[in-house]
Structures are given as structure tokens and as C-alpha cells.
Amino acid sequence: RTPSPFLQNRFPCQPPTGTGVVPPQVQDPAFALVEFQKVARGSRVPKFDLATNLVGQPLVRQQVMKGLREFLENPNPVKPLVMSFHGSTGTGKTYVSSMLIRYLFQKGLQSPYVHHFSPIVHFPHAELIEQYKESLKRWIQGNLTICGRSAFLFDEMDKMHPGLIDVIIPFLGPSWVVYGTNYRKAIFIFISNAGGEQINNVTLALWRARKDREEISLQDLEPAISKAVFENPQSGFWKSGIINEHLIDFVVPFLPLKHHHVKQCVISELVQQGLEVRPGVVQEVADSIPYFPEEEKLFSSTGCKTVASRISFFF
């Protein structure tokens, strides 16, 4: 496998404005710069992987690559890159975020400059929300002071306590300096199942109106996502200033997957496990997954999430 240009063309993680000397542990390059001339010549970059390994998500390829390209080719971005991924289970949200991190950071998710938060693990108790706010603010501020080119992933935003996430608002906007530090080169990714049901319903309605899923636009889905995610009292974004101040650059919807998409996932998983790709096995694994709605059975109820665990039953 040819090494990614992201890993070949890293640029140093330098301290943001006003932070003084770089600590020894961040002298080594950590965050990778894309050489867009090489991208144009077809080098192995996220677009290539998204196009080949991410199945059935044309909107994701468009939105994520647009956001990433614009951000990385700008030496002085006006604000951090902020993306919010929405969709039901197994549609590729975690895969896409993990893939981007692996390409951008030499050690991938194990990089000291990548920070992954889960509300169940890190913020489990509602009564401690004020304590969580202070801890989260100090964690982000401290780590961005060490390395302005850091990434922060917030998983399961639909389970985040409402109001907690607003503590990071100062780090997301176009301010040149926050708490004495320039944070405009960071990346923030929010991941949520919220809006998944609404995305599925809109996709189904458009299919019944004879509109192919590849023709679905962001404008078709935005109203449903907005209502389900940003106006839901149970959502981490409920009444959030992040929404009111328009700090999210890209809202990225993940569509439900059809039977032929699941078959693609099965083939990919067989190859990854070093197993023979037998058409009969591919068909059986794909058929074993539940689909909805009950009559048409168009879309996988679990996306590709259970594909890996099901394969062992057919060998």
C-alpha cells in the first residue's frame, strides 16, 4: 500500500501565536499538509479512499472533501474547521472521521494531538455538568496551546447533556486570539445518530417520488436535520450558541444504505479479513441483515455495522 501524501508531507506542529517555546514533545511533525498539486495528479488522499471505500454516500464525499480541501490549502484560516456528521447506525460516520484522522495525523487516533470525547465515558452525570464544562474548556485550551493543529472528536452528540458543549464556543469562532492563543487551525468533528430517522424518512419519501438517492441534495435534508437535532430538548445541540452563531461549517448527512451497498461492505470486509470472496457468501450475509420499511425492504436497518460479525457464520 502506497503511503499517503498526508504522511509524507507533514508540517511541524508549531505553537500558536503567543504561546512561547514549543515543548520537546511537539517538535516532531504531527499534522500533515496536503500538496494539492499531487492531489490533482491522483495521489492517494482522503478523496481516493472516500470514493472507493465509503459506499453509498455521495453527499459525504462532496461535503467532507470540500471542507477539508478549503481548510488545508488555506495557510491562515479565518476559523477552525467544524463539521457535524448525522445519520443512523452503520452508515459510515465513525469510519469517515477515523479515516480523516489517520490521514492527517501520523499516529492516527493514537496521536497525542487527537482528542476523542464520549458523553457516556467522559460526561456521564448530569449533576456534574458545571464541573464538566470547566474541565472540557481547560482541556481544549491546554492542548491547543501545546499544538494549534489538533483535532477534537465529539461522539454521540445526541447523548450529550444540553448546554455542556457551549463551553467550547470561544474555540470555534473567527476570533484571532482566544485566551491569549490563536486556535484557528484546529479541527472539530461532531458525530450523532440524531437526525438519522428523519434522513431515512426523507430518503424514502424521495424514492417513492422517483428521485434516486444519488440525486438527493443537502437542501432536501437540511430542514429535517435541523428540526431533529437542533430543536430537540434531548440533543446536545439544543438551544446551543454553536447553532445560533452558525459556527458549524458543514452539516454532513449520511444516507441509509441499500442492499447493493451492504454487499459492497461484505466484499470489502472479506478482503480485509483475507477471506475468499464467494458470491454466494456475499449474498447470504447481505440477505441476513434486516431491511426497512417492512414492505419494500429498501434500506439496511443497521447499515454495515453488523457485517463483520455476521461473516463468521457463513465460513
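A residue is called buried here when its relative accessible area is under 20%, exposed when that area is over 50%, and partly exposed in between, with a 1.4 Å probe and protein chains only. By this definition Tyr-183, with a relative accessible area of 2%, is buried. The model is a predicted one, in which local features need pLDDT of at least 70 and side-chain atom pairs count only at pLDDT 80 or more, while totals for chains, interfaces and linings use all residues. Residues are numbered from 1 along each chain as its sequence is written, and side-chain values use heavy atoms, with hydrogens and water left out.

The sheet is a good place to begin. Five strands, here written E and being DSSP runs of at least two residues, as helices are H or I runs of at least four, both numbered from the N terminus, form an open sheet in the order E4-E5-E6-E3-E7 with parallel pairing, where two strands pair if DSSP finds at least two bridges between them. Its edge strands are E4 (114-117) and E7 (250-253), each of which pairs on one side only, and the twist from one strand to the next averages 15°. Strand E3 (residues 81-86) is joined to E7 in the parallel sense over 4 bridges, and Met-83 has Phe-250 in E7 as its bridge partner. Helix H10 (residues 218-230) packs on the sheet and touches E3 and E7, its direction making about 100° with that of E7; axes are lines fitted to C-alpha atoms, for helices over the stretch in contact, and angles run from 0 to 180 degrees between N-to-C directions.

Helix H7 (residues 129-146) contains Leu-136, which counts as buried because its relative accessibility is 2%. Apart from its neighbours within four places in sequence, Leu-136 is in contact (heavy atoms within 4.5 Å) with Phe-117, Phe-123, Phe-154, Val-167 and Ile-168. Phe-117, Phe-123 and Phe-154 also belong to a cluster linked by ring pairs, together with Tyr-132, Phe-190 and Phe-237.

The structure holds 9 aromatic pairs, where rings of Phe, Tyr and Trp (its six-membered ring) pair if their centres lie within 6.5 Å, with planes under 30 degrees apart counting as stacked, over 60 as edge-to-face and the rest as tilted. The rings of Phe-171 and Tyr-183 have centres 5.3 Å apart and planes at 40°, so this pair is tilted. It links distant parts of the chain, with Phe-171 in helix H8 (residues 169-172) and Tyr-183, 12 residues apart from it, in the loop between H8 and strand E6 (187-192). Phe-171 counts as buried at 1% relative accessibility.
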